[in-house]
There are 2 protein chains.
Amino acid sequence: MAANSKHGKPLTIEQVAAAAGVSTMTVSRVLRGTDNVAPETREKVKACMDELGYVHNKIAGALAASRGTQIAVIVPTLDSIVFTELLAGIAAGLENTVYQQVIGISEYDKNRELDMVRTMMGWRPAAFILASARHLPKTVQVLQSSLCPIVEVMELVRNPIDICVGLDQRKAGRVMAKHLLDKGYKRFAYLGSDHSIDHAASLRFKGFQNEIKKHAVDFIHKLTVTDQSGISLGRNYMPQLLEQCRDVDVVYFSNDAVAAGAMMHCLAAGIEIPNDIALASFSGLEIASAMPIPITTVRSPRFEMGKLSAERVLARLLGENVTRVTDTGFELIEGASA
Amino acid sequence: MAANSKHGKPLTIEQVAAAAGVSTMTVSRVLRGTDNVAPETREKVKACMDELGYVHNKIAGALAASRGTQIAVIVPTLDSIVFTELLAGIAAGLENTVYQQVIGISEYDKNRELDMVRTMMGWRPAAFILASARHLPKTVQVLQSSLCPIVEVMELVRNPIDICVGLDQRKAGRVMAKHLLDKGYKRFAYLGSDHSIDHAASLRFKGFQNEIKKHAVDFIHKLTVTDQSGISLGRNYMPQLLEQCRDVDVVYFSNDAVAAGAMMHCLAAGIEIPNDIALASFSGLEIASAMPIPITTVRSPRFEMGKLSAERVLARLLGENVTRVTDTGFELIEGASA
DNA sequence: TTGAAAGCGCTAACAT
DNA sequence: ATGTTAGCGCTTTCAA
């Protein structure tokens with residue numbers, strides 16, 4: 001029977017030590033699985049911990065060892081599968097280590113990001129992983145002062161604060177533009193969330209635009225809105241886009257959720273894809289391939305990026321030398337929408 | 001200029017105190033915004049903290065105060081918007097308090113949930129919020145020994161461990177069944193993820209089934225699969241369902257993502273909704289209303305449940321008396337799919 | 001309004 | 001293989 005803390009206060013190592021007839025240090029060793037403890041002693045201590053229902057106090061542990069086991073992760077939102085898959089990747093990379101991720105949401109707001117960094121820093125995390133590459137100068141300064149590994153993930157940058165794992169967003173735009181040009185499309189439009197919100201999307205836009213400009217064409221229309229990015233954005237603004245420019249061949253979207261929403265409108269309105277209009281996008285989400293007409297898109301390896309970020313962090317924490325910038329690449333997925 | 005820790009180790013309160021010419025206690029008071037500190041002293045200390053780039057060490061703080069400011073939240077997955085909206089609600093409820101949520105993912109696995117609870121308990125959280133109502137007995141025991149507020153959210157239960165905020169899942173099923181019966185549907189089928197995985201979905205199924213049985217009908221077919229719940233599940237298994245029973249009027253789904261996937265198949269296959277077949281579901285997700293034919297569904301108030309959970313926790317932490325069980329209700333949303 | 005002393009529960013570093 | 005000692009950086013409690 002567990003005789004755990006009905007006494008008001010949680011148990012301490014000392015009580016376990018007393019019960020097992022050993023010193024607190026021995027219990028501490030068993031707890032951390034370190035050093036050499038005699039197998040029988042270990043078993044005895046473990047039995048006592050079980051019976052008493054003792055739970056290791058990591059607050060005291062982290063203070064004494066002056067290092068934590070939390071990895072602070074900041075993502076812009078959890079509303080996009082892109083970031084939840086990233087988190088799943090990080091979790092996978094951290095599996096079977098002493099480290100755990102602690103998630104913060106910045107809501108695409110740089111000031112909030114700074115607040116989050118400060119708050120999390122209070123818990124003295126072992127490392128930071130940020131799913132963005134644009135920060136306030138102050139944020140960078142605070143991060144650097146922590147002297148711990150810092151990963152910027154998703155977007156490839158030349159001069160990361162510390163470590164970068166990402167893909168070349170401009171190139172993703174270029175590649176899609178090239179693909180569409182090769183297919184003979186000439187009259188392009190763009191629909192997406194506001195570029196000041198989603199920096200990666202704006203880089204893709206620029207990459208795309210640069211490519212088509214090489215062929216002496218430009219977007220004949222660009223509609224960006226400050227609504228929350230997602231299916232509804234595409235569903236709600238596609239009619240407006242089509243009204244504003246009837247002579248479009250193909251629409252490029254900021255991401256698959258928006259493209260899916262736009263396709264919903266087309267299906268509802270009897271607009272034929274890709275005959276009346278073609279659609280192309282970025283992300284490689286489940287929904288893109290599940291649509292009645294699979295969406296032509298570019299898949300970003302979110303899970304892999306998350307896993308790699310975690311691995312970089314672990315390597316660094318072990319004192320290993322680590323590749324500072326990793327281009328994870330991406331994959332063009334040809335659907336039937338273009 | 002910030003002269004922060006280039007010295008290797010992070011700054012301590014002591015160094016701030018020295019710089020400001022006060023005791024560490026005074027700095028501590030400023031840090032926590034408690035007690036009475038002379039306004040001028042406060043300003044002076046704050047200025048020093050800013051200049052030095054000091055970040056409050058919450059590990060030491062939590063240890064000394066023997067109480068943490070983290071709220072442990074465990075959700076089954078982040079792959080469903082249902083849970084990310086719940087988290088957003090919790091975050092909203094915690095806004096402008098000293099508390100922050102720490103998120104854990106159980107992956108619908110009760111053993112993992114126990115592990116998570118134990119791990120999180122190590123950080124001595126101020127409270128637990130669990131987005132499920134079924135736990136291992138050991139999990140319940142460990143939770144109870146923590147003596148802190150425990151909220152079970154999403155599913156309404158009679159005898160919660162401590163506090164419950166949720167909706168009556170059976171009733172949600174019943175209400176939809178009634179709605180469909182009223183519309184004259186008679187031949188029902190079901191498609192969803194395996195009931196051993198998603199307990200709430202199985203309750204809705206049972207509620208639905210009980211209601212139709214009152215009218216002397218039962219599901220003519222039920223297809224449950226262990227694939228990960230989502231759009232793909234509906235998209236991939238709808239053909240199989242239709243093949244196995246061609247004479248169905250209406251299909252009830254475990255949730256909107258599955259229903260949306262199924263509708264994708266129908267659209268692709270030229271099956272007319274709701275004439276050839278009607279679809280009905282549960283969740284009230286963005287995608288349900290964005291489909292070319294909006295899906296008839298039942299909306300669960302995820303955000304509100306999250307917010308309320310946080311509020312209950314805060315009230316309890318303030319020593320207030322708290323309603324133990326709250327039925328948040330739900331809303332039938334009539335689309336065009338049934 | 002401010003300060004001094006005594007821990008919070010654990011672990012590093014050094015014995016033995 | 002196990003124990004002893006001295007903190008980790010903060011807050012509590014009590015005093016001034």
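Biologist: Which residues come nearest to DNA strand C?

Modeller: In this predicted model, A:Ile13, A:Ser28, A:Ala60, A:Ala64 and B:Asn36 come nearest, out of 28 residues around the strand. Both chains lend elements to that surface: helix H1 (13-20), helix H2 (24-32) and helix H4 (58-65) of chain A, and H2 and H4 of chain B, each give two or more residues.

Biologist: What makes a residue count as near DNA strand C?

Modeller: The C-beta atom, placed from the backbone, has to lie within 6 Å of the strand. A:Ile13 is one of the 28 residues around DNA strand C, so its C-beta atom passes that cut-off.

Biologist: How many residues of that surface are nonpolar, polar and charged?

Modeller: The surface near DNA strand C has 13 nonpolar, 11 polar and 4 charged residues.

Biologist: Let's turn to the two chains. How many residues of chain B are in contact with chain A?

Modeller: There are 44 from chain B, and they meet 44 residues of chain A. On the chain B side, H4(B) gives the most, with 5 residues. By class, that side holds 23 nonpolar, 15 polar and 6 charged residues.

Biologist: Why are the two copies said to be related as by a two-fold rotation axis?

Modeller: Chain B superposes on chain A after a rotation of 180 degrees, with 0.0 Å of shift along the axis and an RMSD of 0.1 Å. The copies are therefore related as by a two-fold rotation axis.

Biologist: And what serves both copies as the contact surface?

Modeller: The same surface does, as 100% of the contact residues of chain B recur in chain A.

Conventions
Residues are numbered from 1 along each chain as its sequence is written. Chains are lettered from A and ligands numbered from 1 in the order in which they are written. This is a predicted model: local features need pLDDT of at least 70, side-chain atom pairs count only at pLDDT 80 or more; totals for chains, interfaces and linings use all residues. Two residues are in contact if their C-beta atoms, placed from the backbone, lie within 7 Å. Helices (H or I, at least four residues) and strands (E, at least two) are DSSP runs, numbered from the N terminus. Ala, Val, Leu, Ile, Met, Phe, Trp, Tyr, Cys and Pro count as nonpolar, Asp, Glu, Lys and Arg as charged, and the others, Gly among them, as polar. Copies are superposed by least squares on the C-alpha atoms of residues with pLDDT of at least 70 in both.
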